[in-house]
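Open the model in your viewer and keep the selection tool at hand. Each stop says what to select and what you will find there.

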Amino acid sequence: MQIKVNLDKNTSYNVYINELEKLEFDTKVVILTNEVVAKLHLETLKKKIHAKELYIIQIKDGEEYKNLQTIEKILNQMFEYKLDRKSLLISFGGGVVSDMGGFVASIYQRGIKFINIPTTLLACVDASVGGKTGINNNFGKNLIGSFYQPSAVYCQSEFLKTLNQRELSAGMAEFIKMAVIFDENILDFLENLDENAFLTAKLDDVNLEHIIKKSIELKANIVSQDEKESGVRMLLNYGHTFAHVIENQTNYKTYLHGEAVAIGMHMANTLAYNLGMLSKNECERIENLLKKFKLPTFYKIYNINEFYEAFFLDKKTHHYKINFILPCGLGKACIKNDITKEDVLNALRVFS
């Protein structure tokens, strides 16, 4: 199965679902992965790749390592391998590896090609597609980065078989996000899905492929319309403005990204409900779905003013106005930049 991300003729690419058989390259190739993925799947991937020279770079696993220090280590190894501008980088891992690999590829010798091969559900449905790359610093999440599209993306169900329940749940948060802002019919599908069967090692391949396919179709359509996130693509950040503050405040060690997004969605829904944009029943429907897939919905805010001020480091903030992405009913969302500070603080007080 193939889904095309339609950009200009030089940057359009295909996302392949369960079609990774053999990749052949007449150049040097480096696989960027982490120690966990390498142990589980690296040998399987290496058998599928034929290159002029093949190198491996392993980094530590975890969002807390998604920083400039790790980037410098990766770059140094790439220079030691004498990679040139015709070389190719393969990001083989979850969202962290995808983000870092794309960023490294965008700056190594002013840019080399790269391919994403995601190994988590979250990376399949979100991080690997769209060309947003980046790393974190002390001020916030993904504040250093670039828009740089992959040459191709390969989503393979076989690499998801070793995921635990928590990782699968984190991926489902991004799929639920898609449902709330774009397609209410997905909510019906998820409410009828047997979560206990899905969140185990015995994944239902049909449902899994449907989730990946639907997510990528939705995201590919949005990215094709708005590659650099100046309009409709901003809607994909529903829940993320709150989530990024949570992740930064907890030093990227407490929550997986999808878990923080789930809490962020609930915070956004609380604000939307207070503003009359979302009904109580709609809020409860989303919350119940998040809880069904074992996702957290509460985070204790100890200082609401400090939490509020952190919003101004968000990439969607312009001229000291915060752009909040809020659901306005189910299946659609709005960009709101005229919400008063007091209205935002009232929503945050629910979590204090």
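Select His 50, which has its place in strand S4. The model is predicted, so read each stop as a description of that prediction. Is His 50 buried or exposed? Neither label fits: its relative accessibility is 41%, and His 50 therefore counts as partly exposed. Now show what surrounds it. Leaving out residues up to four places away in sequence, His 50 touches Lys 22, Leu 23, Glu 24 and Phe 25. Put a distance label on Glu 24. The C-alpha atoms of His 50 and Glu 24 lie 4.7 Å apart, although 26 residues separate the two in sequence.

Next, colour strand S3 (23-34) and strand S4 (49-59). S3 and S4 pair in the parallel sense, over 10 bridges. Pick Lys 28 and look across to S4: Glu 53 stands opposite. How much of S3 is buried? Nine of its 12 residues are, so S3 is mostly covered.

Widen the selection to the whole sheet. It is open and has seven strands, in the order S1-S2-S9-S6-S5-S3-S4. The pairing is mixed. Which strands are at the edges? They are strand S1 (2-5) and S4, each pairing on one side only. Look along the sheet to see the turn: neighbouring strands are rotated by 20° against each other on average, with direction ignored. While you are here, recall a general point about side chains. In a regular strand they alternate between the two faces of the sheet.

Go to the S1 edge. S1 runs antiparallel to strand S2 (residues 13-17), and four bridges join them. Select Ile 3 and find Val 15 of S2 opposite.

Now add the helices that lie on the sheet. Select helix H1 (residues 35-48). H1 lies across S3, S4, strand S5 (88-93) and strand S6 (113-118), and runs at about 180° to S4. Then select H8, which packs on the sheet and touches S1, S2 and strand S9 (152-155). The direction of H8 makes about 20° with that of S1.

Keep H8 (residues 205-225) on screen and add helix H5 (residues 165-182). Their axes come within 11 Å and cross at roughly 55°. That angle makes H5 oblique to H8. The crossing is left-handed. Show the side chains at the contact. From H5, select Met 172, Phe 175, Met 178 and Phe 182. From H8, select Ile 211, Lys 214, Ser 215, Leu 218, Lys 219 and Ile 222. Colour them by character: seven are nonpolar, one is polar and two are charged.

Move on to Thr 270, in helix H10 (residues 257-274). Thr 270 has a relative accessible area of 12%, so it is buried; the cut-off is under 20%. What is Thr 270 in contact with? Beyond its neighbours within four places in sequence, the contacts are Ala 347, Val 350 and Phe 351.

Last stop: Lys 291, found in helix H11 (residues 280-292). Lys 291 counts as partly exposed, because its relative accessibility is 45%. Draw a line from Lys 291 to Gly 95. The two are 196 residues apart in sequence, and their C-alpha atoms are 23 Å apart in space.

How values were computed: Residues numbered from 1 in each chain as written. Predicted model: local features only at pLDDT ≥ 70, side-chain atom pairs only at ≥ 80, totals over all residues. Heavy atoms only, no water. Axes fitted to C-alpha atoms, helices over the stretch in contact; angles between N-to-C directions. Helix = DSSP H or I, 4+ residues; strand = E, 2+ residues; numbered from the N terminus. Parallel < 35°, antiparallel > 145°, perpendicular 65-115°, else oblique. Left-handed = near helix turned anticlockwise from the far one by under 90°. Contact = heavy atoms within 4.5 Å. Nonpolar A, V, L, I, M, F, W, Y, C, P; charged D, E, K, R; others polar. Pairing = 2+ DSSP bridges. Buried < 20%, exposed > 50% of the residue type's maximum accessible area, 1.4 Å probe, protein only.
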